[in-house]
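Please explain how this protein holds its two ligands, and how the annotated parts of the chain relate to them.

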Amino acid sequence: MQALHFGAGNIGRGFIGKLLADSGIKVIFADVNEKIIDLLRSQGSYRVKIVGDNLDLVEEVNNISAINSKDIDGLIPLFTQVDLITTAVGPNVLKIIAPTLAQGILARLAQGNTRPLNIIACENMVRGTSFLKEQVFAHLPQEARASAERLIGFVDSAVDRIVPPVQADEADPLLVTVEAFSEWIVDQTQFKGEIPTIKGMEKTDNLMAFVERKLFTLNTGHAVTAYYGKLKGYRFVRESIEDPEVKAFVKAVMQESGAVLIKRYAFDPQAHSAYIEKILQRFANPYLTDEVDRVGREPLRKLSYNDRLIKPLRGTLEYGLAHQNLMRAVATALHYRNEQDPQAQELQHYLCAKGVRATLQKYCELQEEGLIEEIAAIYHEIK
Ligand SMILES: NC(=O)C1=CN([C@@H]2O[C@H](COP(=O)(O)OP(=O)(O)OC[C@H]3O[C@@H](n4cnc5c(N)ncnc54)[C@H](O)[C@@H]3O)[C@@H](O)[C@H]2O)C=CC1
Ligand SMILES: O=P(O)(O)OC[C@H]1O[C@](O)(CO)[C@@H](O)[C@@H]1O
């Protein structure tokens with residue numbers, strides 16, 4: 001079996017590509033980064049370093065090749081050969097690759113290929129593959145849509161593994177360092193044809209519970225660790241979470257979002273509490289060098305209506321639950337500054353020009369007057 005994977009970055013190489021290759025699948029990486037593509041192509045392998053307590057393991061990933069995703073003439077024929085397409089390009093890039101996917105699907109259909117093809121977006125996003133499907137279908141002519149609907153599975157997934165950006169290693173530029181923990185959960189109801197057997201890919205018919213559990217616990221807590229840590233002058237996630245004040249706040253936020261998850265999905269409260277503790281330990285992994293600016297990147301996305309801060313906050317309103325810490329988390333995120341991050345720049349310009357209430361309305365799409373007032377008051381108090 002062959003798979004085409006878009007995005008040969010941290011998650012592409014350190015998580016999804018590795019699981020696929022470890023399962024005997026030939027992986028073709030497609031990326032816009034010419035340097036990475038050249039190296040992957042010429043070496044035909046790369047190394048993954050797995051770190052944790054009593055663990056310092058280097059594993060080699062073989063049976064791979066690579067192509068520049070701008071090389072359309074080379075890329076499109078691959079769509080007729082593979083049985084699986086995965087992505088780890090970042091949520092904002094899905095709409096950029098959608099026209100290419102549509103072109104590839106058309107080439108496959110034109111060839112009369114009736115083998116099922118499954119596409120899985122592995123992004124920090126609720127139902128990211130369904131979003132990708134909408135984008136792809138927008139580029140398909142009407143007459144191709146019924147066949148695509150019948151033959152192409154768009155499978156949503158939840159991905160969890162902390163993979164910080166690669167430290168420049170001249171001797172081995174492809175090396176990625178990952179934590180031992182990993183969780184990849186796919187919606188088994190969305191596959192077309194036989195579900196491929198991939199070691200480390202778990203199937204469920206209740207994906208939303210897993211997506212929200214991960215996004216509104218790990219990602220919520222991580223974002224708060226980043227934003228509060230940044231405010232306190234820390235550079236690394238580990239430094240931030242080791243500050244008892246930060247840790248207590250992050251835990252309180254995760255407990256508030258956890259109360260929503262427990263109510264919504266009937267999770268066992270004790271098991272959820274253990275899940276939170278495990279995540280706090282993962283943030284403090286001394287072997288990972290992870291910067292608060294990576295975890296806090298793109299704050300407008302992280303502050304959006306369905307993302308890791310606002311959706312749990314909305315959940316607390318829905319169920320009448322405590323949300324003091326989630327409001328403070330949003331107010332803290334609004335203070336995020338990073339001159340290298342265009343979204344952080346836009347956030348600060350808008351805050352400066354229009355104020356906090358308008359910012360909460362525009363970017364978080366909050367409408368509840370009382371809530372907006374309370375967050376604004378906390379924001380100014382933090383200032
Ligand atoms: N790093 C982590 O710990 C985790 C990240 N994620 C999610 O995985 C996704 C990828 O994240 P990372 O691997 O950390 O980012 P990354 O920045 O390391 O990798 C993204 C890759 O996509 C490539 N890319 C950009 N535009 C492209 C295009 N048009 N065509 C093909 N490739 C393109 C980039 O060159 C880069 O190599 C994101 O959605 C992220 O939220 C999910 C779980 C863990
Ligand atoms: O990748 P995003 O959505 O920008 O957010 C960073 C988050 O993703 C992760 O890299 C993996 O889930 C976390 O480490 C972090 O919370």
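**Two ligands and the chain around them**

The space taken by ligand 2 is the largest pocket. The model is a predicted one, and the description below starts from this ligand before turning to the other and then to the record.

The shell around ligand 2 consists of N124, I162, K214, L218, N219, H222, R294, V295, R297, R301, K302 and R308. By residue class, three of these are nonpolar, three are polar and six are charged. Three helices each contribute at least two residues to this shell: α7, which spans 207-231, α11, which spans 292-295, and α12, which spans 299-302. Of the elements involved, α7 gives the most, with four residues.

Several basic side chains come within polar-contact distance of ligand 2, the cut-off being 3.5 Å between N or O atoms. R301 places a polar side-chain atom 2.7 Å from an oxygen atom of the ligand. For K302 the corresponding distance, again from a polar side-chain atom to an oxygen atom of ligand 2, is 2.8 Å. R308 also takes part, with a polar side-chain atom 3.0 Å from an oxygen atom of ligand 2. On its own, ligand 2 exposes 380 Å², and the protein buries 94% of that area.

Now to ligand 1. Ligand 1, too, sits in the largest pocket. Its surroundings comprise 24 residues, of which N10, I11, D31, E123 and V163 are the closest. The shell divides into 13 nonpolar, six polar and five charged residues. Helix α1 (10-22) and strand β2 (26-31) each supply at least two of the residues in this shell.

The polar contacts of ligand 1 include both side-chain and backbone partners. In N124, an N or O atom of the side chain lies 3.0 Å from an oxygen atom of ligand 1; N124 is also listed in the shell of ligand 2. The backbone of R161 offers a polar atom 3.0 Å from an oxygen atom of ligand 1. At V163, a polar backbone atom is 2.8 Å from an oxygen atom of ligand 1. The accessible area of ligand 1 on its own is 830 Å², and the protein covers 83% of it.

The UniProt record adds annotation, from an unreviewed entry. It places the feature "binding site" at A3, L4, H5, F6, G7, A8, G9, N10, I11, G12, R13 and G14. Among these residues, G9, N10, I11 and G12 belong to the lining of the largest pocket. N10 and I11 are also among the residues closest to ligand 1. H5, another residue of the annotated site, lies in strand β1, which covers residues 2-6.

The same kind of annotation describes two domains. According to UniProt (unreviewed entry), residues 1-199 form the feature "domain: Mannitol dehydrogenase N-terminal". In the model this span is 33% helix and 28% strand, and its end C-alpha atoms lie 14 Å apart. For "domain: Mannitol dehydrogenase C-terminal", also from an unreviewed entry, UniProt lists residues 206-381. Here the span is 75% helix and 0% strand, with its end C-alpha atoms 41 Å apart.

Set against these ranges, the elements named earlier can be placed along the chain. Helix α1 (10-22) and strand β2 (26-31), which supply residues to the shell around ligand 1, lie within the range 1-199. Helices α7 (207-231), α11 (292-295) and α12 (299-302), which supply residues to the shell around ligand 2, lie within the range 206-381.

Definitions and conventions:
Residues numbered from 1 in each chain as written. Chains lettered and ligands numbered in written order. Predicted model: local features only at pLDDT ≥ 70, side-chain atom pairs only at ≥ 80, totals over all residues. Heavy atoms only, no water. Near = heavy atom within 4 Å. Polar contact = N/O pair within 3.5 Å; in protein donor to acceptor, adjacent residues only side chain to side chain. Areas by Shrake-Rupley, 256 points an atom, 1.4 Å probe, with all protein chains shown as cover. 1 Å grid on protein atoms, 1.4 Å probe; cavity = no way out; pocket = protein on both sides within 12 Å on 5 of 7 lines; lining within 4 Å. Sits in = over half its atoms within 2 Å of the grid points. Nonpolar A, V, L, I, M, F, W, Y, C, P; charged D, E, K, R; others polar. UniProt positions renumbered as here; feature names shortened; annotations may be inferred.
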